[in-house]
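The following exercises concern a single protein model and are to be worked with the sequence and the coordinates at hand. Each task is followed by a solution in steps.

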Amino acid sequence: MTPSVTSSTSIEDSKAALRREATARRDALPADVRQAAAEAIAARQSPLPIAPGTIVSGFMPMKTEINPLPLMRKLGEAGATLALPVVAGRAKPLIMRAWLWGEPLGSGVWGIREPNPEARQVDPDVLLVPLLAFDRAGYRLGYGGGYYDLTIAGLRARKAVTAVGIAFSAQEVPRVPTTPRDSRLDLVLTEREVIDLRGH
């Protein structure tokens with residue numbers, strides 16, 4: 001009997017099922033728990049040295065995503081240059097544009113707030129990455145568009161970049177189904193711990 005080969009279709013089916021479960025789990029977290037988690041991550045000493053001018057790209061939270069803004073504000077106060085993503089189109093890497101704390105933002109794809117088109121394009125040194133689920137092998141489950149996988153792979157082809165997942169501890173799963181296109185994270189920050197995956 002020959003061993004069965006997991007097809008990409010079955011991996012996508014597994015991802016779709018996990019997305020539904022992970023979304024429901026995240027949505028079930030009360031708003032005060034979500035806010036406390038975001039503040040706990042920001043209050044902890046950063047596991048990454050942030051020298052003045054280090055470019056840190058964050059994101060504007062959607063729906064019940066963990067809010068990275070308290071952490072971004074702290075990193076900005078420590079001298080980091082902040083940036084936010086802009087969707088350039090389907091199946092394209094995200095464009096990161098410099099953003100000063102408090103600067104007005106426009107409305108982009110899906111109503112996500114983003115810097116204006118004249119804002120300077122940058123290549124981040126540190127990328128804060130949203131996710132639906134993560135595992136201890138460093139893999140994350142996103143929404144299925146592949147934007148962050150493309151972005152991380154593109155940046156790593158040009159420079160050293162640290163990809164940091166930011167999540168609630170409740171978003172951890174035993175294993176995220178993966179394909180060769182999936183980019184690994186270097187760190188995951190939750191309200192409970194720093195999960196350092198750089199030695200894996």
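The model is a predicted one.

**Exercise 1. A salt bridge to helix H1**

Task: Classify Glu 12 as buried, partly exposed or exposed, and determine which residue forms a salt bridge with Glu 12.

Solution.
Step 1. The relative accessibility of Glu 12 is 32%, so Glu 12 counts as partly exposed.
Step 2. The salt-bridge partner of Glu 12 is Arg 181, with 3.9 Å between the closest N and O atoms.
Step 3. Glu 12 belongs to helix H1 (residues 8–27) and Arg 181 to the loop between S9 and S10; the pair therefore ties together parts that are 169 residues apart in sequence.
Step 4. Arg 181 has a relative accessible area of 61% and is therefore exposed.

**Exercise 2. Further salt bridges**

Task: State how many salt bridges the model holds, and describe the pairs Asp 125 with Lys 159 and Arg 198 with Asp 196.

Solution.
Step 1. The count comes to nine salt bridges.
Step 2. Asp 125 and Lys 159 are joined by a salt bridge of 2.8 Å, N to O.
Step 3. Asp 125 lies in the loop between strand S5 (113–114) and strand S6 (126–129), and Lys 159 in the loop between H4 and S9, so this pair ties together parts that are 34 residues apart in sequence.
Step 4. Asp 125 is partly exposed at 27%, and Lys 159 is partly exposed at 24%.
Step 5. For Arg 198 and Asp 196 the N to O distance is 2.7 Å; Arg 198 is partly exposed at 42%, and Asp 196 is partly exposed at 40%.
Step 6. Arg 136, Glu 172 and Glu 193 are joined into one network by salt bridges that share partners.

**Exercise 3. The faces of helix H2**

Task: Determine which residues of H2 are buried and where they fall around the helix axis.

Solution.
Step 1. H2 comprises residues 31–43, and its 13 residues reach 18 Å from the first C-alpha to the last, close to the 18 Å expected.
Step 2. The buried residues in H2 are Ala 37, Ala 38, Ile 41 and Ala 42.
Step 3. Viewed down the axis of H2, the buried residues fall within an arc of 135°, and therefore line one face of the helix.
Step 4. The general rule is that an α-helix has 3.6 residues a turn, so residues three or four places apart point the same way.
Step 5. Asp 32 and Ala 43 are exposed on the other side of H2.
Step 6. The cover over the buried residues of H2 includes helix H3 (69–77), S9 and S10.

**Exercise 4. The surroundings of Ser 183 and Ile 152**

Task: Classify Ser 183 as buried or exposed, and trace its contacts beyond four places in sequence.

Solution.
Step 1. Ser 183 is placed in the loop between strand S9 (162–166) and strand S10 (187–189).
Step 2. Its relative accessibility is 8%, so Ser 183 counts as buried.
Step 3. Beyond four places in sequence, Ser 183 is in contact with Gly 138, Tyr 139, Asp 149, Ile 152, Ala 153 and Arg 156.
Step 4. One of these contacts, Ile 152, lies in helix H4 (residues 147–158) and is buried at 1% relative accessibility.
Step 5. Ile 152 in turn has contacts that include Leu 127, Val 129 and Ala 163; the C-alpha atoms of Ile 152 and Val 129 are separated by 9.5 Å.
Step 6. Tyr 139, another contact of Ser 183, has the charged end of Arg 184 over its ring, 6.0 Å from the ring centre.

Definitions and conventions
Residues are numbered from 1 along each chain as its sequence is written. This is a predicted model: local features need pLDDT of at least 70, side-chain atom pairs count only at pLDDT 80 or more; totals for chains, interfaces and linings use all residues. Side-chain values use heavy atoms; hydrogens and water are left out. Helices (H or I, at least four residues) and strands (E, at least two) are DSSP runs, numbered from the N terminus. Buried means under 20% relative accessible area, exposed over 50%, partly exposed in between (1.4 Å probe, protein chains only). Contact means heavy atoms within 4.5 Å. The expected span of a helix is 1.5 Å times one less than its number of residues. The arc is that of the directions from the helix axis to the C-beta atoms. A charge sits over a ring if NZ of Lys or CZ of Arg is within 6 Å of the ring centre and within 35 degrees of the ring normal. A salt bridge is a side-chain nitrogen of Lys or Arg within 4 Å of a carboxyl oxygen of Asp or Glu.
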